[in-house]
Amino acid sequence: MDKLVIQGGHPLSGDIYVSGAKNSVVAILPATLLLDVPVILENVPDISDVKICLSILESLGAEIDKLSEGVYRISCLYVREHEVPEELAQKMRASYYFLGALLGRCGKAKAAMPGGCYLGERPIDQHLLAFEALGADFHLIEYKNETDGEGYVGAVELSADHLYANHISLNVVSVGATMNAILSAVKADGTTTIENCAREPHIVDLANFLNYMGAHISGAGTHKITIEGVRELRGNAMDGSVEVKTYSIVPDQIEAGTFMIAAAATRGDVYIHGVIPHHLRDIADRMEECGVMVEAIENEDIVHVCVNKGTMFHGTNVKTEPYPGFPTDMQPQMAVLLALSEGQSNITESVWEDRFKYVGELKRMGANIDLTRDGAIIWGVPGLHGANVRACDLRAGAAVVIAGLAAEGTTEITDIHHIERGYSHIVEKLRSIGADIRRISM
Ligand code: EPU
């Protein structure tokens, strides 16, 4: 029941460091179920979705040792379970990756339908299409809604005597379905091709991790991925070595983008460290259109964001699209910068139907925004003022934090558990670049 209290109006300035990517680690942790040796993961962000993933792994029988901050040794050698506990599965969207990983490991899996941010309908038909193509049967377990008696799918059960490679053509570009197709095909017999894949950095990271451990996956980051199934994933234990391999999670593109917008919206001067600049290209382009200076320092993995004195931001148009387009997970944060940019800006949301819950909160802070059928129109205002607002979901929460930092006066944010699902030590990190932000118990 804690809340965040922000005294806004201080330009952010200095150096800030990005953690490992949430959307990568929530797939790589389940992927450890496919390994035939222990592994050490580094750069694991300290977020609640990771805690849930680790609890699920432990409940299945994995041995997990925290070696230091962000570094875990994980051994799934003695895992015997194939059912994800319902109360844990429902806490996190990415629990569906345990379906693909358990199916790939032992030919059976059961998990409650995933929870996570409500962003409108979140079907998993493309995941099921991939599992079925590889030879799995699925069974959707229906429950009755206690309030209205309507039926709904409460859990998914998968089983396969054997997994055989196949050609999988996804009808929708889906991050989750692409990841699950990889997880379930990596040990299937033969060569699987997946077409119409998502291309996000976290998909490349999952493929890199599995390849590092002995998988044969090519094409990750393009529309077509090819997987030659392997029997074992033993890392360098193949060559007789007993050394446990260490893999470092890719930096979080969305956390980096969130800090970039926070720096701009507060008219600050911030060096964001530990990033992969080309992951941030489209975000940087839209910010530059608004008049923000964004400089990528490629060799040093740094992005520098700076607003020159006297700069007036001007509005632009943003359309969310699968990578390498503008990420839907940055849309609410970008809306804050647009709310402070002269003239009219248009946002078109093409991934999620309900990603505008932050609009009501920003309006309380003085933003001028109207919702349209698939987006929002924003008319820039000279400034925002502090207010009592909610973090309606993870990225909506990031947006109100940025708005609070840029606004005059005090902003109080409740429901911060949403923010903690995806931002590691956000209070400490923002304080280190001059933000007046505190977490207090209510
Ligand atoms: N879709 C289908 N059928 C499916 C799967 C998806 O129709 O079987 C549709 C969805 O309804 C949506 C579109 O395809 O319209 C894209 O969904 P996708 O499957 O790519 O989303 P996801 O895998 O459930 C991940 C991230 C989200 C991020 C989206 C899009 C994880 C754990 N989550 O979700 O992250 O918004 O990709 O990039 O990786 C966040 O971090 O705040 C977040 C919501």
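Q: Which two residues have side chains that meet in a salt bridge at 3.1 Å, N to O?
A: In this predicted model, a side-chain nitrogen of Lys or Arg has to lie within 4 Å of a carboxyl oxygen of Asp or Glu for a salt bridge to be counted. The pair that meets in this way, at 3.1 Å from N to O, is Asp 49 and Arg 421.

Q: How many salt bridges, and how many residue pairs in polar contact, does the rule find across the interface of domain 1 and domain 2?
A: The domain assignment places residues 3-19 and 252-440 in domain 1, and residues 22-248 in domain 2. Across the interface of these two domains the rule finds one salt bridge, and the residue pairs in polar contact, both partners being at pLDDT 80 or more, number seven.

Q: Which helices each supply at least two residues of the side of domain 1 that touches domain 2?
A: The touching side of domain 1 divides into six nonpolar, seven polar and ten charged residues. The helices that each give at least two residues to that side are α12 (394-406) and α13 (417-420).

Q: Which three residues supply 36% of the area that domain 1 buries against domain 2?
A: The C-alpha centres of the two domains lie 30 Å apart, and 23 residues of domain 1 are in contact with 20 residues of domain 2. Between them the domains bury about 1800 Å², with 54% of this on carbon and sulfur atoms. Of the area that domain 1 buries against domain 2, 36%, more than any other three residues supply, comes from Tyr 323, Trp 352 and Arg 421.

Conventions:
Residues are numbered from 1 along each chain as its sequence is written. This is a predicted model: local features need pLDDT of at least 70, side-chain atom pairs count only at pLDDT 80 or more; totals for chains, interfaces and linings use all residues. Side-chain values use heavy atoms; hydrogens and water are left out. Domain bounds come from an automatic or database domain assignment. Contact means heavy atoms within 4.5 Å. Buried area is the accessible area (1.4 Å probe) that two parts lose on being put together, summed over both. A polar contact is a pair of N or O atoms within 3.5 Å; within protein, one must be able to donate a hydrogen and the other to accept it, and residues adjacent in sequence count only if both atoms are side-chain atoms. Helices (H or I, at least four residues) and strands (E, at least two) are DSSP runs, numbered from the N terminus. Ala, Val, Leu, Ile, Met, Phe, Trp, Tyr, Cys and Pro count as nonpolar, Asp, Glu, Lys and Arg as charged, and the others, Gly among them, as polar.
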